[in-house]
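Hello! I am passing on a structure for you to look at, and my notes follow below it. Please keep the model open while you read.

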Amino acid sequence: MRWNPMDTDSDGPVVLIVDDVPENLSVLHDTLDETGHTVLVALNGEAALARARQAHPDVVLLDALMPGMDGFEVARRLKADPDTAHIPIIFMTGLTDTEHLVNALAAGGVDYVTKPVKPQEVIARMGVHLRTARQARRGAVEQQQARNALDAFGYATITVRERDGRLMWQTPLARDLLLRYCGTEAPQTPAEVLQWLRRHLPELQRTDRAPAEPPRLTLENGPRHLTFRLHLVVGDTADASPNGEGGDWLIVMQETSDASVLEALVQAFGLTAREAEVLYWVAKGKINRDIGDILGASPATVKKHLERIHAKLGVETRTAAAAMAINRVPALQPRGA
């Protein structure tokens with residue numbers, strides 16, 4: 001796992017200074033070091049890109065004019081890379097022409113200071129942009145953690161833009177599932193998913209009453225099936241079409257199979273694999289004799305397993321055990337329930 005200085009507030013900010021003549025910035029370097037900053041230095045554009053990708057600094061102080069790759073190109077490349085796009089860039093320049101300042105901001109800079117730089121001014125400006133960047137990063141991290149948590153529990157998520165049906169983002173599990181079931185990859189939304197979405201849009205867009213959740217879409221793949229559940233998410237109004245339609249749709253997917261349900265029972269109740277099999281068939285309405293036939297065991301053995309299941313679940317009847325299993329593992333519910 002790559003270390004990222006922004007992952008903790010206990011460490012001082014990491015600052016990458018990019019200048020082909022670092023001696024010109026010795027006072028700034030010393031001041032930053034004395035005030036608790038970790039200072040990294042790059043002498044040219046290529047080195048700056050490499051250091052930024054490796055260390056993920058909190059902020060980049062970037063000389064605008066350097067031989068070879070200038071600061072404007074460095075900034076554009078940093079912003080084009082998803083791993084470094086979040087890092088605020090403050091240009092250091094002796095140029096005050098409006099054209100150069102516009103170029104600095106257009107390349108991705110958030111601010112600029114003129115040379116010779118004043119260390120306290122740089123620190124003050126850095127503080128503003130560091131707070132903004134940290135807040136944005138925390139929000140992005142929390143959002144990604146929420147998505148990853150869904151993945152961890154077997155719930156994959158995608159967002160589809162209503163206006164044009166484009167798949168806007170997906171979790172890693174969602175990507176794998178869509179490729180396996182539909183043979184599609186982002187930004188393409190599977191045709192069957194798009195048809196299902198658009199079929200229910202008129203009902204969901206009604207304003208005279210609160211819309212009910214539409215029927216779920218299920219795709220089959222041998223013994224496995226993938227279920228899609230639809231949620232409306234209010235999108236950016238800038239994404240809306242001229243007629244007022246627009247927004248993003250959050251779709252939650254879950255793949256289920258006999259194997260995955262059995263594993264869910266094991267995890268939910270601390271059962272053995274065989275106990276999970278017995279409980280699975282109890283929830284399906286099978287009697288002990290039928291379960292014994294399915295599992296190749298005697299009804300008496302099934303009964304002993306069921307007694308241990310009752311103890312672990314804290315219930316006294318098979319009906320209560322089945323109800324608890326279905327409540328904790330919704331995939332046990334009959335299709336369409």
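**What I found**

Of the 337 residues in the chain, 41% are buried, where buried means under 20% relative accessible area, exposed means over 50% and partly exposed lies in between (1.4 Å probe, protein chains only). Please bear in mind that this is a predicted model, in which local features need pLDDT of at least 70 and side-chain atom pairs count only at pLDDT 80 or more, while totals for chains, interfaces and linings use all residues. Residues are numbered from 1 along each chain as its sequence is written, and side-chain values use heavy atoms, leaving out hydrogens and water.

The chain has twelve helices and ten strands; these are DSSP runs numbered from the N terminus, with helices being H or I of at least four residues and strands E of at least two. Among contacts (heavy atoms within 4.5 Å) between residues at least 6 apart in sequence, 56% join residues at least 24 apart.

**Helix H11 and its neighbours**

Try helix H11 (residues 299-313) as a starting point. The expected span of a helix is 1.5 Å times one less than its number of residues; for the 15 residues of H11 that gives 21 Å, and the end C-alpha atoms are indeed 21 Å apart. Which residues of H11 are buried? They are Val302, His305, Leu306, Ile309, His310 and Leu313. These cover an arc of only 145° around the axis, so they sit on the same side of H11; the arc is that of the directions from the helix axis to the C-beta atoms. On the other side of H11, Lys304 and Ala311 are exposed.

The buried residues of H11 pack against helix H8 (258-269), helix H9 (273-283), helix H10 (288-295) and helix H12 (318-328). With H12, the axes come within 10 Å and cross at roughly 60°, which makes H11 oblique to H12. Here, axes are lines fitted to C-alpha atoms, for helices over the stretch in contact, and angles run from 0 to 180 degrees between N-to-C directions. Angles under 35 degrees count as roughly parallel, over 145 as roughly antiparallel, 65 to 115 as roughly perpendicular and the rest as oblique. Leu306, His310 and Leu313 of H11 meet Arg318, Ala321 and Met324 of H12.

**Helix H8**

H8 has twelve residues and reaches 17 Å from its first C-alpha to its last, close to the expected 16 Å. Val261, Leu265 and Phe269 are buried in H8. Their arc is within 45° seen down the axis, so they line one face of H8. Ala259 and Gln267, on the other side of H8, are exposed.

H8 and H9 pack at an angle of about 110°, with axes 9 Å apart, which makes H8 roughly perpendicular to H9. Among the residues making this contact are Val261 and Leu265 of H8 and Ala276 and Tyr280 of H9.

**Some backbone details**

Most residues other than glycine have a negative phi, and most peptide bonds are trans. His56, in the loop between helix H2 (45-55) and strand S3 (59-63), has a positive phi of about 50° although it is not a glycine. Is His56 buried or exposed? At 6% relative accessibility, His56 counts as buried.

You can also find two cis bonds: Lys115 to Pro116, with omega near -5°, and Ala186 to Pro187, with omega near 10°. Pro116 is in the loop between strand S5 (111-114) and helix H5 (119-152), and Pro187 is in the loop between helix H6 (172-182) and helix H7 (191-204).

Happy exploring!
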